[in-house]
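Trainee: Hey, could you walk me through this one? I'd like to ask things as they come up.
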Amino acid sequence: MPQTLFTNARIATMSDASGYGLIDDAALLVDGQRIEWVTPMAQAKFPLNSNRVDCEGRLITPGLIDCHTHLVYGGNRVDEFEQRLEGVSYEEVAQRGGGIVSTVKATREASESELLVQARARLEQLLSEGVTTLEIKSGYGLDRDNEIKMLSVAKKLGELYPVRVLKTFLGAHALPPEFADQADEYIELVCKDMLPRAQAEGLVDAVDVFIESLAFNVEQAQRVFDVAAQLGLPIKAHAEQLSDLGGAVMAASRGALSVDHIEYLPASDVAQLAQHNTVAVLLPGAFYGLRETRLPPIEALRQHQVPIAIATDANPGSSPVSSLLLILNMACTLFRLTPREALRGVTINAAKALGLDAGIGSLQAGKQADLVIWDVDKPSELAYQIGLNPCVAVMQAGNWRKTL
Ligand code: DI6
Ligand code: FE
């Protein structure tokens, strides 16, 4: 593959400890799938034979990373959306057999190709905004074959599109109706059959559990995490989204890559995330969708230098969102993250949340050439605008997905 040389760019490398890692008048060389170097124009030694791309002052960032999605599911929840607007709470909807369980029914009824068609539309929207890596969870099948069906669709999306897809097993997302009042028995099935089988089929990159009173308790989550450890799989958790059960601290103490949501995490528990290098994944789309008012402990996360990632949480219930740029804005407006923190949250810190920060998430020599050219002057513009997509070119693993 010939080398590609980017010149006259403003580059947000995201490679320093806390900033944008901005180089104002910069050049970047891609060799094969990797970045060869990034440097100020004045210091660049241009290779003789390369494809030159004059960026004319535009901004380059790392490819965006959506590190928490439920992109694959059947049906939709527009009726629940309407009910909630009539005053029914999220928990009540779930207790009435709506909520997650109604998506389980629709997902079980859908064929692999039907799930694929639905998910493609959402994925294409994310890709149009410069996403080069995303995570997709199972969790709406809730039996072995349907969880495997969901993960197979996620895998297929990664084969059909030039994007890296990480597959997370979330068999413990909700209690399937046939196991009503038998949560321990269901967890047994997850541990003995569902997770090992999905793993054996090469469909699992990480294991997640929804730890919440309407889902699974800390002890049940520990049983799933024990199996993940036996299989050598990294773990993460949906924790402290609606109440404080101590799930985030438990997961962090077991070396979880990330704990996600955490609106109800006490500030006094944040030190333990820092101690275990666990990323805090904030999901402003779900906060917004549920009209939550309790904010995650952001000041404590900053004080303890816990890496903060943000993601769409794309799902049919709490966060029917297929725009990572909108999430940048929501993180700033709703959570008061700075645009710098928000951009780190969809680049280097999102890579950390997936355990991939050695290879992606910043623009540095040796890393994979995943990058986006934006028609903006400053990185903060990506968080500032709503509904405008300034993505003009995308390279993923050294291949153009969309050219300038
Ligand atoms: N927390 C959420 O916000 C989503 N899952 C979870 O564990 C909601 C999923 C849904 O309502 O379908
Ligand atoms: Fe989620």
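Trainee: Which residues are linked in a network of salt bridges?
Mentor: That network joins Asp184, Glu188, Lys192 and Arg223. Keep in mind as we go that this is a predicted model.

Trainee: How many salt bridges does the structure hold?
Mentor: There are 21 salt bridges.

Trainee: And which residue does arginine 58 meet in a salt bridge?
Mentor: Its partner is aspartate 375, with N and O 3.4 Å apart. Arginine 58 sits in the loop between β4 (50–54) and β5 (59–62), and aspartate 375 in the loop between β14 (371–374) and α15 (381–384), so this pair ties together parts that are 317 residues apart in sequence.

Trainee: How much relative accessible area does aspartate 375 have?
Mentor: The value is 48%, which makes aspartate 375 partly exposed.

Trainee: OK, what about lysine 167, what does it form a salt bridge with?
Mentor: With aspartate 205, and the closest N and O atoms are 3.4 Å apart. Lysine 167 belongs to strand β8 (residues 164–172), while aspartate 205 is in the loop between α6 (183–200) and β9 (206–211), so the two tie together parts that are 38 residues apart in sequence.

Trainee: Is lysine 167 buried or exposed?
Mentor: Lysine 167 counts as buried, at 9% relative accessibility. Aspartate 205 is partly exposed, at 28%.

Trainee: Switching to the metal. Which residues are the protein donors of the iron ion (ligand 2)?
Mentor: Three histidines and an aspartate: His68, His70 and His238, each through NE2, plus Asp313 through OD. They lie 2.1 to 2.3 Å from the iron ion.

Trainee: How are those donor residues spaced in sequence?
Mentor: The pattern is H-x1-H-x167-H-x74-D. Take histidine 70 and aspartate 313: histidine 70 is in the loop between β6 (64–66) and α1 (78–85), aspartate 313 is in the loop between β13 (308–310) and α12 (324–335), and 243 residues separate them.

Trainee: Are histidine 70 and aspartate 313 buried or exposed?
Mentor: Histidine 70 is buried, with a relative accessible area of 2%, and aspartate 313 counts as buried too, at 1%.

Trainee: What are the angles among the four donor atoms of the iron ion?
Mentor: They run from 81 to 168 degrees, and the site is irregular. For comparison, the ideal angle for four tetrahedral donors is 109.5 degrees.

Trainee: What comes right after aspartate 313, and where does alanine 314 lie?
Mentor: Alanine 314 lies in the loop between β13 and α12. At 3% relative accessibility, alanine 314 counts as buried. Its C-alpha is 4.8 Å from that of threonine 69, although the two positions lie 245 residues apart in sequence numbering.

Trainee: Now the other ligand. How many residues surround ligand 1?
Mentor: There are 13, and the closest are Arg77, Tyr140, His173, Gln241 and Ser318.

Trainee: Which atoms of ligand 1 do the polar side-chain atoms of arginine 77, tyrosine 140 and glutamine 241 lie close to?
Mentor: Arginine 77 has a polar side-chain atom 2.7 Å from an oxygen atom of ligand 1. For tyrosine 140 the partner is also an oxygen atom, at 2.6 Å, and for glutamine 241 a nitrogen atom, at 2.8 Å. The protein covers 100% of the 320 Å² of accessible area that ligand 1 has on its own.

Trainee: Back to arginine 77, which side chain does it meet in a salt bridge?
Mentor: The side chain of glutamate 80, at 2.3 Å from N to O. Both glutamate 80 and arginine 77 are buried.

Definitions and conventions:
Residues numbered from 1 in each chain as written. Chains lettered and ligands numbered in written order. Predicted model: local features only at pLDDT ≥ 70, side-chain atom pairs only at ≥ 80, totals over all residues. Heavy atoms only, no water. Salt bridge = Lys/Arg side-chain N within 4 Å of Asp/Glu carboxyl O. Helix = DSSP H or I, 4+ residues; strand = E, 2+ residues; numbered from the N terminus. Buried < 20%, exposed > 50% of the residue type's maximum accessible area, 1.4 Å probe, protein only. Donors = N, O, S within 2.8 Å, 3.2 Å for Na, K, Ca; no water. Tetrahedral: all angles 85-135°; square planar, octahedral: opposite > 155°, others 65-115°. Near = heavy atom within 4 Å. Polar contact = N/O pair within 3.5 Å; in protein donor to acceptor, adjacent residues only side chain to side chain. Areas by Shrake-Rupley, 256 points an atom, 1.4 Å probe, with all protein chains shown as cover.
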